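New to this one? Take a moment with the sequence and the 3D view, and then use the notes below as a guide.

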Amino acid sequence: MSITFQRKNILTYLISTFSLFVVGIILLSIVFPALIISNFGIHSNNLESFEVGNNSLAILLSNLLVLAFVIAYYKNKLPLQLHKLISSIPKKQLSKKITLIVIFLILLPYTILTVPELFIDEASQAPDYEIFLAAKEIFPFGKTTFTEATEQNDRYVRMILLIASLEIFQNVKIIPFIGSIALLIVTYFFTNEITKNRFAGIVSTLVLIQSYTFLKYDTFAMYENFWVLFYVLSLYLIFKKFQISSISYALSILTKAFTAIFLPLSIIFVYYSNLATKTKLFLIISYGIMFGIIITIWSIDTSVYDNILRFDLQQIITALSKTSYQIRFDLFLLALILPLSITLIIKARNGLHIATPILFLITGSIFSGAVVEMLSDHFVILPYRFVPTIVFFAVGIGVLFSNKMEHES
Amino acid sequence: MKFTINYQSLFSGIFVISIIFLIFGSASATEQNNDELIKSAMNFLKTDQIDKAIPILEKVLKTEPNNLNVLKNLAVAYTNSKMCHDSIQIYDKILELKPNSPEILYGKAICYNDLGLPEKSLLTLDKIDKKYSSNDSILLTKGSSHMILGDYIEAKKYYQTVLEKNPDNELVNINMLILSYHLKNHNLSEKYLVKILGDNPKGTSYCDASGCMGKVPFLFPIEDSENYQITAQIQVRTESNQLIGIIETEKITYTPHPIFQQILLGYDVVETIQNDLGTFEVKRIIGKTEPHINSYFMDRVELFYDDYTVLFGYNLAIPLESGDYIITEWTIQKKIQ
């Protein structure tokens, strides 16, 4: 057994433990919403720690039932015909033509049904629009006493895209909506790339498009998806055009600084990829260089980010607990997060290496929010910041249909 | 032939006269037309219909590019419409026609501040003749430039110079209030809140994150207060009383206006605590509300007094659906020693 293989095994074990911890806290907070806050919160209180939460029974049951099904499948306890049927799904490969038609059939009704949202006045929808307008006045390098506006202007790419939407279409929502459609498409290509299965790509696109959180914010200019788009694109480019992957990652950070904290996720993803060692090294160095450039830009522009740092470890656990309420309407994700995590762990143990970084992307993107809350009381995790988690969850579902051989090592 | 030449001369004469008539006639008509346009633009400006006045003034400028009155009014209209990039171009044109005009330099400096370019604003103000240097508006603008630069002490000097001459200058009092926010000096905030709003503030229909007192900032971060520590805990429940989640926030703004102390008098002290920061009496305010379901997520809780907010908790971020309600518990620790 090679040293690299042993290292990967240890890392897979660590990522699996970490992921089960993250998922465990979320499920625990769904069952007992007051448990963590009553013990780790800032407020002295008389909360009943073990009060059972709304939806807890349904979500817990669905997780356990699907999990039992997964275990039964892997232990060959399912009826033979059902087992055969499930095993045959990943082998189905759709033609390019059919895939194109299916993607078109998914995107067309989505677009038609969503277009009316573009005519809702952003100012009446999101109070943050006022901040954007104030920031636009002084963009890119003007000064103001308005800290929130300064923070908006540190997100150069986002400001450029939103201003472009306003200037070109006289509607701030149009380019963000195009960004959301692009995210669906990139999710398809990314899943297809790592699974070598177009059907898997379609499944992940469908999982993303049914998400409450994705649909809620897909046309919001203030809660746009550009940052997710650029980040997922950077992962896809690792396989397709690794030389420019770090540029897409940098664009993501310059759209929303939150993705800066995704760097370990990208590095793990590169590490587990089947690229040549030299390519992996190039990718990691290029990420490092991009990171350095962004930090330099922020320091030259006297960025707001260096003024709002703190360290409060307790926030990690309370933020994870809060996640369960923030994605409360994403029932599909909540109902499957535990069985999916365990299935990915099994797949990884069976040698499908890509399962590990995908699991890390799902749980790491959740944990990143908690890290941000630990490091800053200025930024909190808002529901739309779980769009990357939902994308990776969708990709994770797609990975179950991977055509890549397990035991690929 | 002779007839033909005479006929040609006559025809040419008529043609020339017609052209002359047309040119002068149309010039006179344009002038008359412009006067009417300017008049209507001014009427729009008087009634705050800036968006209607701007295209008219722009139209007049096409035929009278050096009309100072139109240029000035258009520049001000642009400024008021948050189009300072355009204003500055017009101001520069006026300065070519009327170099060092103090009012134009002043207008340009205001715009630079609006564009977040306080250094340029200060440089522009320095070009104004020294005899105007003690003018209130210029001092106020210089103060604002320094405030944007984060040089609060210098800003305070300019504001205080104005207040020494004119203690009731409302704009400067509001700027002093904003300055107290940046200086994190809530005693100063209290002084200016009372000065501007009196002892019994009345809310307006215009509200933003800083409160419901029109353009007067009313709510200040509790973390900057020396006298109070406040946290809020929010239970989110369904229509059928099932628990969805519990969130807490320390990101709270309150009003340093004395009205807040009066409101607290209506609540009992639940305990007294002592720590490194001093002795505090603790009060709790608990309220059940059905929050407005907006299109994004619940991001705030508020404690109202009359028709305005006195406590505002934010950074919450929980999606709600119709029927959900919240129980908010504010814990207020007031320093007594």
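Let's start with one pair of residues: B:Y254 has B:L311 as its bridge partner in β8 of chain B. Keep in mind that this is a predicted model. From that pair we can work outwards to the strands around it, then to another group of strands, and finally to the chain as a whole.

**Around that first pair**
- The strands here are β4 (residues 252-254) and β8 (residues 308-318) of chain B, which run antiparallel and are joined by three bridges.
- Both belong to an open sheet of four strands in chain B, ordered β1-β4-β8-β7, with antiparallel pairing.
- At the edges of that sheet stand β1 (220-221) and β7 (298-305) of chain B; each has a single partner strand, so one side of each is left without a neighbour in the sheet.

**Strands that pair with β9**
- Strand β9 (residues 325-335) of chain B is joined to strand β2 (residues 228-237) of chain B by ten bridges, and the two run antiparallel.
- One of the matched pairs here puts B:Q235 with B:I327, its bridge partner in β9 of chain B.
- β9 of chain B also pairs with β6 of chain B, in the antiparallel sense and over ten bridges.
- On that side, B:T289 stands opposite B:I326 in β9 of chain B.

**A closer look at B:K288**
- You'll find B:K288 in strand β6 (residues 278-289) of chain B.
- Is B:K288 buried or exposed? B:K288 counts as exposed, because just 10 other C-beta atoms lie within 10 Å, and the cut-off for exposed is 12 or fewer.
- Setting aside neighbours within four places in sequence, B:K288 is in contact with B:Y325 and B:I327.
- How far is B:K288 from B:D299, going by their C-alpha atoms? The separation is 16 Å, for two residues that sit eleven apart along the chain.

**Chain B as a whole**
- In terms of secondary structure, chain B has eleven helices and nine strands.
- The C-alpha trace of chain B spans about 120 × 55 × 30 Å along its principal axes.
- Chain B has a radius of gyration of 30 Å, whereas a compact globule of 337 residues would come in near 20 Å.
- Of the 337 residues in chain B, 36% are buried.
- Take the contacts in chain B between residues at least 6 apart in sequence: 53% of them join residues at least 24 apart.

Terms used. Residues are numbered from 1 along each chain as its sequence is written. Chains are lettered from A and ligands numbered from 1 in the order in which they are written. This is a predicted model: local features need pLDDT of at least 70, side-chain atom pairs count only at pLDDT 80 or more; totals for chains, interfaces and linings use all residues. The radius of gyration is taken over C-alpha atoms; the globule rule is 2.2 Å times the number of residues to the power 0.38. A residue is buried if 20 or more other C-beta atoms lie within 10 Å of its own, exposed if 12 or fewer, and partly exposed in between; C-beta atoms are placed from the backbone. Two residues are in contact if their C-beta atoms, placed from the backbone, lie within 7 Å. Two strands pair if DSSP finds at least two bridges between them.
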